[in-house]
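Work through the exercises below with the coordinates open. Each task is followed by a stepwise solution.

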Amino acid sequence: MTAPNSPLTHFDAQGQAHMVDVGAKPATHRVAVATGHIQMLPATLALIESGHAKKGDVLGVARIAGIMAAKRTSDLIPLCHPLALSRVAIDFEATQDDSTPTPAVFCTATVETTGPTGVEMEALTAVQIALLTIYDMCKAADRGMVISGVRLLEKHGGKSGSFLNR
């Protein structure tokens, strides 16, 4: 059973899961930024960068998948509120140099809304799905790719204010 002052807001006083009531919260501008990366073989990254992957423009498709995932987060995570998102931006950065031990594609998702609840879950979902899409589109060339480092970098807005995790 969850105590009445528990920080776990998705449980009531009896420990039952419930959707948090945000009806009385004021609508504020909210932003969340999440990141993660997928490591791969050098040849796989070269294939992505060349634009000659068998399934097409890997990063273009992954960008659309990330945007779609942000918009569908409440369909995937049971207690998330459906939100009217005002912006979803997905950015990729490929690295293949001496500074990183393994070639990788980094994904950053920025999600915004004006509403009574934040968009952290939407940003995290966008990153995960964008990276999974890269895996799906390149798995024929490299089944050993590894997705990792998915985390919230920052969030702004709402009663709790800003959070930075750089």
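The exercises concern a predicted model and go from single residues to helix packing and the core.

**Exercise 1.** Classify A46 as buried, partly exposed or exposed, and state how far it lies from P103 in space.

Solution.
- Step 1: A46 sits in helix α1, which covers residues 42-50.
- Step 2: The relative accessible area of A46 is 40%. Buried requires under 20% and exposed over 50%, so A46 is partly exposed.
- Step 3: P103 is 57 residues from A46 in sequence, and their C-alpha atoms are 9.5 Å apart.

**Exercise 2.** Check the length of α2 against the rise of 1.5 Å a residue.

Solution.
- Step 1: Helix α2 runs over residues 58-71, which gives 14 residues.
- Step 2: The expected span uses one less than the number of residues, so for α2 it comes to 20 Å.
- Step 3: The end C-alpha atoms of α2 are 20 Å apart, in agreement with the expected span.

**Exercise 3.** Describe how α2 packs against α4.

Solution.
- Step 1: The axes of α2 and α4 (residues 120-138) are 7 Å apart and form an angle of about 145°.
- Step 2: The crossing of the two helices is right-handed.
- Step 3: From α2 the contact takes V58, L59, V61, A62, A65, G66, A69 and A70. The α4 side includes T125, I129, T133 and I134.
- Step 4: Sorted by class, this contact has 13 nonpolar, 3 polar and 1 charged residues.
- Step 5: The buried residues of α2 are V58, G60, A62, A65, G66, A69 and A70. Besides α4, they pack against α1, α3 (73-76), β2 (85-95) and β3 (104-115).

**Exercise 4.** Is T125 buried or exposed, and which residues does it touch beyond four places in sequence?

Solution.
- Step 1: T125 belongs to helix α4.
- Step 2: Its relative accessible area is 10%. The limit for buried is under 20%, therefore T125 is buried.
- Step 3: Leaving out residues up to four places away in sequence, T125 touches A69, T73, L76 and I77.

**Exercise 5.** Find which element supplies the largest share of the largest nonpolar core, and list the contacts of I134.

Solution.
- Step 1: The largest nonpolar core has 28 residues, and M40, I90, F92, V105 and I134 have the most contacts inside it.
- Step 2: At least two core residues come from each of β1 (28-39), α1, α2, β2, β3 and α4.
- Step 3: The largest share, 8 residues, is from α4.
- Step 4: Beyond four places in sequence, I134 contacts I38, M40, I48, V58, L59, A62, F92, V105 and M145.

Conventions: Residues numbered from 1 in each chain as written. Predicted model: local features only at pLDDT ≥ 70, side-chain atom pairs only at ≥ 80, totals over all residues. Heavy atoms only, no water. Helix = DSSP H or I, 4+ residues; strand = E, 2+ residues; numbered from the N terminus. Buried < 20%, exposed > 50% of the residue type's maximum accessible area, 1.4 Å probe, protein only. Axes fitted to C-alpha atoms, helices over the stretch in contact; angles between N-to-C directions. Left-handed = near helix turned anticlockwise from the far one by under 90°. Contact = heavy atoms within 4.5 Å. Nonpolar A, V, L, I, M, F, W, Y, C, P; charged D, E, K, R; others polar. Core = buried A, V, L, I, M, F, W, Y, C linked by side-chain atoms within 4.5 Å.
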